[in-house]
Amino acid sequence: MNYENKTETGLFDAVREFVSGHGSFLLLTHVGPDGDGLLACVALSQHLRARKKKATIAVEGSYPSFVAPYDPEGLVRTLEELSAHDDWAEHFDAVLVIDTGKPKRIGKFRHALAASGLPVGVIDHHIAEEDNFEGPSAIDPVSAAVGEMIAEFLQGEGDDFSDSLTVRALFGALSYDTGHFRFTNTTEKTLRWASFLMERGANPNEAYSVFWESNSAASVKLLGHLMSNLHVECGGRLAWFALSKKDLEDYGVQREETEEYISVPRSIKSVEVIAFFSELEKNLIRVSLRSKGRVTIHEVATRFGGGGHAFASGARTHDTLEKTAADITRALAEKIRAELGPD
Ligand code: AMP
């Protein structure tokens with residue numbers, strides 16, 4: 001684990017050249033932006049602006065509430081706000097896509113981006129897929145968070161990490177994608193960065209409270225409902241649950257408040273794999289898969305048109321909640337049995 005070496009071997013060379021060759025950037029992350037991708041964008045934007053470049057961050061859909069404490073200047077824009085500029089090429093000269101490498105993962109931005117003809121660079125920590133963007137990329141699936149890659153990139157660029165928002169945002173990104181330094185993706189390098197950022201003012205409790213102590217009472221009650229209907233199968237090794245749109249409406253809960261539900265069944269000792277099926281619209285289901293580290297689940301996500309990491313993956317299906325849950329839990333049970341043996 002030697003991040004200095006990785007920089008020497010050129011992980012960031014193409015992206016560095018891309019950044020130095022342009023002056024006005026649009027920073028995008030994947031649909032359903034999370035604490036890692038979006039806070040990594042905030043840190044990168046601070047760095048670019050300090051270098052006298054322009055940087056605009058945009059998200060598809062609504063403005064996630066967790067970002068407010070990290071966006072004091074209101075820099076994060078929604079797609080609707082950005083659409084007021086009909087010609088991106090007049091405002092930006094390059095796009096940096098952070099925390100995904102796939103055009104289909106940036107949702108509605110994909111068409112505007114293609115129409116703009118702007119060049120695209122990628123910084124991502126997901127397993128690279130064939131349908132990734134073709135432009136200059138830095139992809140490191142071993143990094144715990146894309147925020148860790150941004151920290152490394154900034155260090156290579158000579159950033160002195162004196163900007164407190166950069167420091168807080170990078171710490172928040174690390175905290176988010178490692179479940180506050182608990183998941184198997186947490187490495188000694190991650191903890192070194194966490195320590196480095198704490199020495200410069202990051203407060204671990206800030207990220208913890210933003211991501212894990214900011215939900216409504218209704219969302220905890222909905223969680224109780226889902227957990228009391230939790231399915232535990234495959235010899236206790238597979239836990240899954242499904243959330244319908246009606247559940248959200250009945251309990252008056254915002255979808256973003258359900259992001260961390262998937263971590264709850266991890267507390268069951270026998271459980272190795274967790275699946276969470278969430279109805280976005282009729283016949284559009286978001287699938288979230290997690291593994292405690294003994295069973296890789298990425299192949300199952302890929303088989304259903306998704307992707308991600310070895311132990312944290314996802315997909316979207318165009319099917320009913322019931323059919324999606326039946327198909328995917330069957331595939332997961334097969335995978336568990338193939339890797340760990342019969343029930
Ligand atoms: P989620 O369960 O939505 O938090 O996603 C877990 C991981 O899988 C994240 O790293 C996502 O970027 C990735 N992922 C989720 N959905 C998809 C998808 N449809 N295609 C590719 N990767 C995905």
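Mentor: Two strands pair if DSSP finds at least two bridges between them. The strands themselves (E, at least two residues) and the helices (H or I, at least four) are DSSP runs, numbered from the N terminus. This is a predicted model, in which local features need pLDDT of at least 70 and side-chain atom pairs count only at pLDDT 80 or more, while totals for chains, interfaces and linings use all residues. Residues are numbered from 1 along each chain as its sequence is written, and side-chain values use heavy atoms, with hydrogens and water left out.

Trainee: How do you know that strand β11 and β12 pair?

Mentor: Strand β11 (residues 307–308) shares two bridges with β12, in the antiparallel sense. The definition asks for at least two, therefore the two strands count as paired. Gly307 stands opposite Gly314 in β12, and three residues lie between the strands of this hairpin.

Trainee: In which order do the strands of the sheet with mixed pairing stand?

Mentor: This open sheet has six strands in the order β7-β8-β9-β10-β12-β11. β7 (231–233) and β11 are at the edges with a single partner strand each, so one side of each lacks a neighbour in the sheet.

Trainee: What makes the pairing of this sheet mixed?

Mentor: β8 and β9 are parallel, with six bridges, whereas β9 and strand β10 (residues 284–291) run antiparallel and are joined by eight. β10 and β12 are also antiparallel, with six bridges. Partners include Ala239 opposite Ile274 in β9, Phe276 opposite Ser288 in β10, and Leu289 with Ser313 in β12. Between β9 and β10 there is a hairpin with two residues between the strands, where Asn283 takes a positive phi near 60°.

Trainee: Why is strand β9 described as largely enclosed?

Mentor: Buried means under 20% relative accessible area, exposed over 50%, and partly exposed in between (1.4 Å probe, protein chains only). Strand β9 (residues 273–281) has nine residues and eight of them are buried, so the rest of the structure largely encloses this strand.

Trainee: Which side chains of strand β12 are buried, and which are not?

Mentor: In strand β12 (residues 312–317), Ser313, Ala315 and Thr317 point to one face and are buried, while Ala312, Gly314 and Arg316 point to the other and are not. In a regular strand, side chains alternate between the two faces of the sheet.

Trainee: How do you know that the span of helix α11 is close to the one expected?

Mentor: The expected span is 1.5 Å times one less than the number of residues. Helix α11 (residues 217–228) has 12 residues, for which 16 Å is expected, and its first and last C-alpha atoms are 17 Å apart.

Trainee: Which residues of α11 are buried?

Mentor: Ser219, Leu222, Leu223 and Leu226 are buried in α11. They lie on the same side of α11 because they cover an arc of only 105° around the axis, the arc being that of the directions from the helix axis to the C-beta atoms. On the other side, Ala217, Val220, Lys221 and Ser228 are exposed. The buried residues pack against β8 (238–243) and α12 (245–251), where contact means heavy atoms within 4.5 Å.

Trainee: Why is the crossing of α7 and α9 called left-handed?

Mentor: A crossing is left-handed if the near helix is turned anticlockwise from the far one by less than a right angle, and right-handed if clockwise. Axes are lines fitted to C-alpha atoms, for helices over the stretch in contact, and angles run from 0 to 180 degrees between N-to-C directions. The axes of helix α7 (residues 146–156) and helix α9 (residues 188–199) come within 11 Å and cross at roughly 65°, and α7 passes α9 in the left-handed sense. Glu148, Ala151, Glu152 and Gln155 of α7 make the contact with Lys189, Thr190 and Trp193 of α9.

Trainee: What is the order of the strands in the parallel sheet?

Mentor: Six strands form this open sheet in the order β3-β2-β1-β4-β5-β6. β3 (76–78) and β6 (137–139) are its edge strands, each pairing on one side only, and the twist averages 25° from one strand to the next. Strand β2 (residues 54–59) runs parallel to β3 and is joined to it by three bridges, with Val59 opposite Thr78.
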